[in-house]
Amino acid sequence: MGELVQLTSFGLTEGEVLGALGRVKVRDVDYADLYFESCVSESVSMEESLVKRATKSVSQGVGVRATAGEKTGFAYSDELTKKDLELAADTARYIANSPRGAEQVPAPVRRRPTRDLYPIERVQAEVATADRVSLLNAIDAEARRYDPRIKNVMASFNTEYKVVIVATSDGTLIGDVQPLSRLQVTCIAEENGQRQAGSFGGGGRVGFQFYHEDDRYLRFAREAAREAILNLSAVDAPAGVMPVVLGGGWPGILLHEAIGHGLEADFNRKKTSAFSNLLGKRVASDVCTIVDDGTLPGRRGSLNMDDEGTPTGRTTLIENGILCGYITDKLNARLMGIPLTGNGRRESYKSVVLPRMTNTFMLAGTSDPEEIIRSVDRGLYAVTFGGGQVDITNGKFVFSASEAYLIEGGKVTRPVKGATLIGSGPEILTKVSMVGHDLKLDEGIGTCGKDGQSVPVGVGLPTIRIDEITVGGTQQ
Amino acid sequence: MSQQIQQRDGYSQLASDLLAKAKRGGATEADIIIADGETFSVQVRLGAVDRLTKAREKHLGLRVFVGKRSASTSTSDFSADSLDRLVTETCTLAKAVVEDQVSGLPAADQMAREQPDVDLYDSTKLNTEQQIELAKRVEAAAMSMDERVTNSEGGDFDSSSGRVVLGNSHGFLGEYQSSSFSMSVSPIATDPETGAMQRDAWYDVQRKFAKLATPESVGLEAARRTVRKLGAKKVATQRLPVIFDSETAGSLMGNLCSAVSGYSLYKGASFLAGQLDKSLAPEYVTVYDDGRVVGGLGSRPFDGEGLPTRKTTVVERGVLKSYLLDTYSGRKLGMASTGNASRSVGENPSVGPTNFYLAPGTKTVQDIIKTVKQGLYVTDLIGFGINMVTGDYSRGAAGFWIERGELAYPVEEITIAGNLKEMFAGIEMIGNDLVFRGRIASPTVKIAEMMVAGN
């Protein structure tokens, strides 16, 4: 069971919070909420074999929101006095047509999330700086030991400890404690005056011991070093349309960009998404089933509840190729008359809630991954990606490989330099002809940006074959 | 909560109090930044208010040095207890990291002595209704231009103002106020035959409200940019001359700016490491970073460490003449700071541009397009396919096919690829259309040849 977070930790009483909620929930307001957040972020980083940077940041505040029809009024404050709450409430309700006639808000039912997907004690979250320092030092040594051509190692360890309470006009008062951490390693390799970089990282809503399990932190160091060394011998990537095999795990960013954003309810309510009129239609081949699941223990994209206090869930977006659902927050679920999926998320108290992904992945298929590679005569095998981006409206998306190989005659041959892949969201998954049985979730590094807000997300993918996609290399 | 210290006029006092406390806590040097401000934002969609946001915020960042060790912290809680705790924690944190020989504040005699007024603040106060009206007008203008504009992601109006106070243990204390007004709209056009949709956007941003473009001109430009994308198609994979419009050329200047950042350079993570005084581009290419442009979006009287800002020639007649440096990255490279310390509260200083731009040429955009027999005019770039260590470049693009010197039809779902070093060396022409809509700007740029991947 999740920890019962107390309003007193924000220096407020239930009466004061209820008072502010009543003030914002005037007659024409459909829904209002107050989101209290306190967040402590810490970071230590290393370069040139020296752990020389340490930072710590503390923020707290409240976001007050009112929705009326399609309208949202929003105010936030980093002061938490009764007066500041009232001021924010007055601003938020401005959007309602009748600013008078405060409504009786039902006395909130104090709840705690029914799940505890990240049971980390505060004491565990507060790791001594000295322990973080020795972790980074060991990473430096491991990466340099991997290959003498590794000339610089940059690593950082970031943690965040967030306490939130949501008070809603539909009668809920619920809190959650949301830890998050990430370890990131970048290596620079140099040979004959040529330089290359390799990166690896991971994390989640996990405690410090996670990084020590099976010496995970050392594996991150070796993986970053391996990618940098590998890229020293990479040849220019090919250009043009060809079959591409995506490896498992992080290449699932394809799903996030190609279809995930297009299935967020707000774009579909506004009919600005390339997927707007495709519910019930085929948007993928029948070997593709894709879900968004915020309930996986310890995952970076997981949450006990979303930022409106709704329990997260598992939503099937595409089932055997047919588009069957959108991901929603309260505003869009209400306006569209579709189920609430627990995907209302915000970066912080300073931002409004939007429908956002949690962990998005394709379910395992039946093909043997090796057979998938053997099926390609000439193409690309991409196993690691940097970032991606999508234009929701025309559906065009890109994502950029950072570790990829040529497939020649059914065999993985030479490594190629990074290249961007570009395709069209509603079409690309119809070209997936084989899905491996090797579903893998990513290591926990994803951050998704939308409307200027960043939230942690996860992705996952089995090995898949895409029959054709445009590869943006330099060699014809 | 204990006593709140939130009087604006008290910030200088607060800064010196905390610096004194840090010294008592064992700090040998320290600096502090305090920022506060107000923001207002309204989004209108299809003529009705969609979202209205209003807030006041404040933030304080402290950096201490204990000998050659350092740490940074920040908080939005200005209560006396919280700030006392912050000082103690920062000193403790600094003692936990290792010594870094080049760490420390800039030398005392380098600090900015004058703080020129670079005209960053406009006291114009707009009420809520006026701002809603401006957002409505910009969207209405976009929606009315062409019947193929069928939908909208909204028209926005934003305003903000704030002040920054920076002080350090050398006795430096600086302060400035700034403001910003911006307007944007993102219309959606539908192809009447295929039903396919396209979206684009246009915007303006200024420090002075009076300088802001009219909502009508911004809306019309947004609609024009959107409608012209209808019917876009892929082109065949081939090598082609590529013209970057001023927006996308600005992103190339952004790439250059990252590559000349002192931090990338001393880490060996930039393709321009070791290239100082070497030829980067043809002799008609000159790039400046100017922190003193009056009213400039990237201007400021002093940088994030309190050093005077200035105009730096980054590329002079094709030759790479200067990196962008703060004190730390400068010391790592054995060079003096260029006054480019950028400081977001709660972070260590890093290097950032002030007003970074490619000096304009004399050709009009039409003149440049006329020189291309077959090629690509790029108006949109998406994705992150740039390797700053090698300069390898591969991004998603959209724009127009050029046939015999004229824009023939819109193009999408293609990539353009090359290497930034070769791309800068391959700059053939520079337009006369330099306009600042951000801290980094460029006129139109023609590059001799890139790989275009499509069908």
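**Chain B: its contact with chain A and an open sheet**

In β2(B), A:Phe74 finds its bridge partner in B:Thr53. That pair belongs to a predicted model, for which the predictor reports an ipTM of 0.91 and a pTM of 0.94. The strands behind this link are β3 of chain A, residues 71-77, and β2(B), which pair in the parallel sense over six bridges.

Stepping back to the whole contact between the two chains, 61 residues of chain B touch 67 residues of chain A. On the chain B side, the elements that supply two or more residues include the strands β2 (48-66), β3 (69-75) and β4 (149-168), along with α2 (80-96). Further along chain B, β6 (197-199), β17 (392-403), β18 (406-419) and β21 (445-453) are also on that list. β2(B) gives the most, with eleven residues. As for chemistry, this side of chain B is a mix of 21 nonpolar, 23 polar and 17 charged residues.

Chain B also holds an open sheet of five strands, in the order β11-β10-β9-β14-β20 and with mixed pairing. β11 (319-320) and β20 (440-441) of chain B sit at the edges with a single partner strand each, so one side of each has no neighbour in the sheet. At the β11(B) edge, the partner is β10 of chain B (residues 311-316), which runs antiparallel to β11(B) and is joined to it by two bridges. Within that pairing, B:Val315 has B:Leu320 of β11(B) as its bridge partner.

Confidence in chain B averages a pLDDT of 95, and 98% of its residues reach 70 or more. Residues 1-8 of chain B, though, have a pLDDT below 50; beyond near neighbours in sequence, this stretch has 14 contacts in the model.

Key: Residues are numbered from 1 along each chain as its sequence is written. Chains are lettered from A and ligands numbered from 1 in the order in which they are written. This is a predicted model: local features need pLDDT of at least 70, side-chain atom pairs count only at pLDDT 80 or more; totals for chains, interfaces and linings use all residues. pLDDT is the predictor's confidence in each residue, from 0 to 100. Two residues are in contact if their C-beta atoms, placed from the backbone, lie within 7 Å. Helices (H or I, at least four residues) and strands (E, at least two) are DSSP runs, numbered from the N terminus. Ala, Val, Leu, Ile, Met, Phe, Trp, Tyr, Cys and Pro count as nonpolar, Asp, Glu, Lys and Arg as charged, and the others, Gly among them, as polar. Two strands pair if DSSP finds at least two bridges between them.
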